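Please look at the following structure slowly, and keep the sequence at hand while you read. The paragraphs below lead from strands to a helix, and from there to the interior.

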Amino acid sequence: MSPLQPRCPAMAQLLWLALGLLLASSVAEAATANYTFTVQSMRINQLCNSTDIIAVNGQLPGPTIDVFEGDEVVVDVINSSPYNLTIHWHGIMQLRTPWADGPSMVTQCPIQPNSSYIYRFNVTGQEGTLWWHAHSSFLRATVYGAFIIRPRNGNAYPFPMPDQEVPIVLGEWWSQNVVDVENDAVMSGQRPIQSDAYTVNGLTGQLYQCANETFTAVVQPNTTVLLRVINAALNAHLFFKVAGHNFTVVAVDGCYTANYTTDTLVLAPGNSVDALIFTDATPGSYYMAVEPHDTLSPSTVATTDDDSTATAILLYNGTSATATPAMPTMPSNFDTTTANAFYFGLRGLPAEVPSPVDVSMTIELGLGQLPCDATQTSCAGKAFAAAMNGVSFRLPTQMSLLDAQFDGSPGVYTADFPDGVPPNGTAMAEGTKVRSLPYNSTVEIVLQNPLALPSENHPIHLHGFNFFVLAQGLGTFTPGNTSAYNLVDPVARNTIAVPTGGWVVIRFLANNPGMWFFHCHLDAHVPMGLGMVFAVENGTTPDSILPPPPDDLPMCRPGSKRRHVGRPPPPPPPEAKAQPPQSPEANGRHPSNKEGEDITRGGAVRSGQDKEQGRSIMYLLLLGLILGTIVPLAS
C-alpha cells in the first residue's frame, strides 16, 4: 500500500466538499430575468402597403426571452394598444403559477387598454425552444416571439454542440387590421379571409411583390448550425426547407427527440422544431423557403392552391450578398404523405410513461354549423361552428374559469364535459363545460378527427402540461388497440397535429392544479368553439394546492375588488412525476442587457457577462482551495 492511500479518505472529503460548493453555487445562480413588454401600434411597410399593427416594443417578431433553466421570469406587460389582451407562454407548464398562463377568460381577465400586469413564473425543469404570444383575439398574428430556455451550467444535450444558433419564427401577414379580420368573420359566421403572405422573422422575402426585405443568416462553412424553428402562423400549417441541406431533428415543442433526418420540416401552428444542419454544401446562397400545407378536406373546399412562398437566405460567409440563391423543391400544398411521414416518424428518448391509466377519454373533433346568434349582425341563418364531443365551447364573460375554480363560484361553468363521443345525430350544443381531473391522475385521450365535410388537420394544444404521443394513424381508432402504443420512446409534445381523417392517442399526468385550456391552435377555430378545459383538482400537500391569485391580476370589470388575498412569491415548483422529458438545448451565456431586459440577483442588476465572470472567479477560487489543500496532504 502506498503512503498516500491512507490519506485518500481525507482528499475525498475535500473533493466532495468542493463538489457540494459547486452544486450550491449552481442553485444560487438561478437568476431573475426581467423584461418589459410595451404593446402598442406601429406602422410597417410590406407588400406595397403601409399597415398599422399591434406589436411588442416596436418589433416583429417581439423580443426573444432568453433564460436558463431554473430562472424566475418576470414580464411587465404594459398595454398601450386600444385592445384587451393577454400573453400566453406557450409550452411553459406554470407549476404553482397557473395565474400566469395567460389565456383570456380561462386563467385571467384581459389586460385592458392603458393598464398593465406583471407575469411571474419559474422555468424549473424545462429547457428548449418554446415561444410566447397574445392569447386574445387575432392579435397573435403580430404579438409573438421566441422563448429560449438554456441548460444550467454543466448540463449538456445529447447532440453535437452547435457552432451557431439561428431562431426562425414563421408567421402570417395580413395587409389590414387583424382584429377587423376576426370580427368580420365572427359577425358573418364565416371563415376569416386568407392571409396575404407568410413571413420569416417578420419579413416576407424576395418572391413577393415590391422586393421586400429578406432575413439573412450568415454561416461559416463546415459548421453545425442549430435552427430553432417556430410556427407562429395564425391559421396555417407550414412546410420549411433549406436548399441543398438536410435537417437532423433533435427536439420538438421543447422536448428531446431521437435524431431524425429529413429534408422537410412540417410544423402545425404552435409547434417548434430544433433541427441541426451541417454547412458542407458548396459555399453560396441558399433559400430557406416556407409554404403552406393545406389540410382542408376535400381539397376542393380550399379557397386556393396557395403557392405563396416566403423566403429567407442561408448565406455562406464570403459569398456575395447579391448572389442568386438556390431554391429548394417544395412539396405540393396538399402533400399529406410528406406531412404524415414527418409527424409519424418522430421518436422521443426512452422515457417512463405514466401508468396505469386513471381517466380514459375519447374526444371527437368536429366542424359544423349553428344558428346565427343575435350578436352576429351580418350572419345569414347559419354560422360555422366547431365542437369537441358535440360541445361548442364558450368562454365565460364575467370572471375567469380559474377565478371561479378558486372561489367555488357557481354558474360560471359546469363540470360535465363528456368522456366519449355522442351518438350519431346528436345536435351540436353550446356550453362552458370542463372535465375535472383528480390530482396526480394519469389521463389518456384518443383524439379522433373524422373524415367529414368539411374536415382538416387540427393542431391541439394542451396548456400546463406536456404529453406523450403513444400512437397515431389514419382512419378510425380501434378501442383497446394498445398493441400499437409506443411505451418505450414516445415523442413528447404540447401541441399535436391530429390528421384529417385520423387519430392520435396521448397520455399525461395531471399533477398541476388549475384550469388548463385544451384547444385547436388554428385561431379561426377557437371562437367557433373547438376547445374545452381540464380542471385539475387540488392534492393533499401544500405544494399541490392551487395558490391564490396575485394582487395585481386584472379584473374583468373596472373598479371591481378581488375577494381573496394576494399570494406570497411561489415556492420552487414540485418535481414532475413521470412527465415527458424536457429538451435541454444550446448551452450559452445569458443575454447581456437589452432594451427592457435585465438579470437580477440579490437585489443587484447584473448582465450575463457579469454572471459568467462571477462564475469563472468562483471556480478558480474553488480550484485553488482544492489544489492548495491536496498538495500539503500529498507532501
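In this predicted model, a good place to begin is strand 4, which is joined to strand 6 (residues 115-122) by eight bridges, the two strands running antiparallel. Within this pairing, valine 73 stands opposite phenylalanine 121 of strand 6. Strand 4 (residues 72-79) is also joined by eight bridges to strand 1 (residues 32-46), but here the two run parallel, and threonine 32 has glutamate 72 in strand 4 as its bridge partner. Strands of a sheet pair through backbone hydrogen bonds, and either direction, parallel or antiparallel, is possible.

Further along the chain, five strands form an open sheet in the order 24-32-31-26-29, with mixed pairing. At its edges are strand 24 (434-437) and strand 29 (495-498), each of which pairs on one side only. If direction is ignored, neighbouring strands of this sheet are turned by 20° against each other on average. Four bridges hold strand 24 alongside strand 32 (residues 531-536), in parallel, and valine 434 stands opposite valine 533 of strand 32.

Helix 3 (residues 336-345) offers another kind of pattern, since Ala339, Asn340, Phe342 and Tyr343 are buried there. These residues cover an arc of only 160° around the axis, and therefore they lie on the same side of helix 3. An α-helix has 3.6 residues a turn, so residues three or four places apart point the same way. At the start of helix 3, a side-chain oxygen of aspartate 335 comes within 3.3 Å of the backbone nitrogen of threonine 337.

What of the interior? The largest nonpolar core has 92 residues, and Leu227, Phe240, Leu265, Ile445, Leu447, Phe508 and Phe518 are those with the most contacts inside it. Leucine 447, not counting residues up to four places away in sequence, touches several residues, including Ile363, Ile460, Trp503 and Phe518. Apart from this core lies another, of 44 residues, among them Val143, Leu401, Ala535 and Leu546.

Finally, is tryptophan 99 buried or exposed? Tryptophan 99 sits in the loop between strand 5 (87-90) and strand 6, yet its relative accessible area is 1%, and because buried means under 20%, tryptophan 99 counts as buried. Leaving aside neighbours within four places in sequence, its contacts include Tyr117, Phe406, Pro547 and Leu553. A polar atom of the tryptophan 99 side chain lies 3.4 Å from the backbone oxygen of proline 548. Tryptophan 99 and glycine 514 are 415 residues apart in sequence, but their C-alpha atoms are 8.5 Å apart in space.

Conventions:
Residues numbered from 1 in each chain as written. Predicted model: local features only at pLDDT ≥ 70, side-chain atom pairs only at ≥ 80, totals over all residues. Heavy atoms only, no water. Buried < 20%, exposed > 50% of the residue type's maximum accessible area, 1.4 Å probe, protein only. Arc of directions from axis to C-beta. Polar contact = N/O pair within 3.5 Å; in protein donor to acceptor, adjacent residues only side chain to side chain. Pairing = 2+ DSSP bridges. Axes fitted to C-alpha atoms, helices over the stretch in contact; angles between N-to-C directions. Core = buried A, V, L, I, M, F, W, Y, C linked by side-chain atoms within 4.5 Å. Contact = heavy atoms within 4.5 Å.
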